[in-house]
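Thanks for making the time this morning. I would like to walk you through one model, slowly, and please stop me wherever something is unclear.

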Amino acid sequence: MNNGKAKTIVERTAKVIFMVCAAVAIAAVVSITGYMLAKGTPALAKVGVADLLFGTVWKPTAENPSYGILFIILTSIAGTAAAILIGVPIGLLTAVFIAEVADKRIAAIVQPAVELLAAIPSVIYGLLGVMLLNPLMYRLEKYVFNGSETHQFTGGSNLLSAIIVLAIMILPTVINISVSAIRAVPAHLKSASLALGATHMQTIFKVIIPAARSGIMTGVVLGIGRALGEAMAINMVAGGTVNLPLPFNSVRFLTTQIVSEMSYASGVHREVLFTVGLVLFLFIMIINLILAKLEKKGALEND
């Protein structure tokens, strides 16, 4: 009886702890959402939704200030999308190599190296981008625009540099989660495919990857969140000018917009920066909702 009572007490205590932790997590999300809405919406009324979200001129300190963030929004979308298009295929193929193709000794070397990439601080990526990538991009820029009288040279600090840095930075997230998802696929699916005469590669791309789709999508979405939320490295390599998001233009992302100006902003200018944060927050929320729907759809199909 004593043992039974002790187990009951432990179970009830654990249940209470779990409920408290869940309540704290929910409260944190609700608090952050409420704070961003409270701080980010006033500027919409003062500046105007159309002028703020669809304006293309950013001059917050001018005599007649303008707060258009359309180019900043487009830059974040274009830069993140391009980084995902580059990073996800590389990350997924690397995950397949580690989980299914490589010898165990090689995989034991490659996977820790990938995990080490995740531990490198953002500022180091930015520093390497400034020292190594930007000079290469500047050479390419001079070659492409040789003789041009209209192009404004950026010294290599442009959207293309930012995309490459972001693509590298999301690799550890995509690779590690994809490896876990692939290794979690039941072994009998692979055995059944091979028994039916499929080759190893056919089994990987026709059976294993589709079965691991939910986990792979989680890695992709987390990679998107990492790309959207990155500030320091991008602030160092992208140039920091509000421009149309073209490959060789100096650009500014939503995150770098906040980092660059929050220290000295005041009044409406500061409120608009909170609105920029709200836009970024909404992007991430939308991506999470899409992930939830994709995971639910994948679970129904697997059933």
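I will begin with the overall picture, then turn to a pair of helices, a surface patch and some salt bridges.

Please keep in mind throughout that this is a predicted model. The protein contains 13 helices and 2 strands, and its C-alpha atoms fill a box of roughly 75 × 55 × 35 Å when that box is taken along the principal axes. Of the 303 residues in the protein, 38% are buried.

Let me turn to how two of the helices pack. The axes of helix α5, residues 104–119, and helix α7, residues 159–183, come within 8 Å and cross at roughly 135°, so α5 is oblique to α7. As for the handedness, α5 passes α7 in a left-handed crossing.

Now to the surface, where there is a nonpolar patch of about 700 Å², made by V123, I124, L127, L128, V130, M131, L132 and M232. Which helix contributes the largest share of this patch? That is helix α6, residues 122–144, which supplies 7 residues. One of the patch residues is L128, which lies in helix α6, and because its relative accessibility is 46%, L128 counts as partly exposed.

That brings me to the charged pairs. As a general reminder, side chains of opposite charge can pair when their charged atoms come close. In this model, a search of the whole structure finds 5 salt bridges, and I will go through some of them.

In one, K46 pairs with E271, with the closest N and O atoms 2.9 Å apart. This pair links distant parts of the chain, since K46 sits in helix α2, residues 42–47, and E271 in helix α13, residues 268–302, so that the two are 225 residues apart. K46 counts as exposed because its relative accessibility is 54%, whereas E271, at 21%, is partly exposed.

In another, the side chains of E100 and K190 meet at 2.8 Å, N to O. Here too distant parts of the chain are linked, with E100 in helix α4, residues 70–101, and K190 in helix α8, residues 187–195, 90 residues apart. Is E100 buried or exposed? At 16% relative accessibility, E100 counts as buried, while K190 is partly exposed, with a relative accessible area of 27%.

The last one I want to show joins the side chains of R252 and E261, at 2.6 Å from N to O, and in this salt bridge R252 and E261 are both buried.

I will stop there and take questions.

Definitions and conventions. Residues are numbered from 1 along each chain as its sequence is written. This is a predicted model: local features need pLDDT of at least 70, side-chain atom pairs count only at pLDDT 80 or more; totals for chains, interfaces and linings use all residues. Side-chain values use heavy atoms; hydrogens and water are left out. Patches are made of residues with over 30% relative accessible area and no salt bridge: like charges are joined within 9 Å, nonpolar side chains (Val, Leu, Ile, Met, Phe, Trp, Tyr) within 5 Å. Accessible areas come from the Shrake-Rupley method with a 1.4 Å probe; for residues, only the protein chains shown count as cover. A salt bridge is a side-chain nitrogen of Lys or Arg within 4 Å of a carboxyl oxygen of Asp or Glu. Helices (H or I, at least four residues) and strands (E, at least two) are DSSP runs, numbered from the N terminus. Buried means under 20% relative accessible area, exposed over 50%, partly exposed in between (1.4 Å probe, protein chains only). Axes are lines fitted to C-alpha atoms, for helices over the stretch in contact, and angles run from 0 to 180 degrees between N-to-C directions. Angles under 35 degrees count as roughly parallel, over 145 as roughly antiparallel, 65 to 115 as roughly perpendicular and the rest as oblique. A crossing is left-handed if the near helix is turned anticlockwise from the far one by less than a right angle, and right-handed if clockwise.
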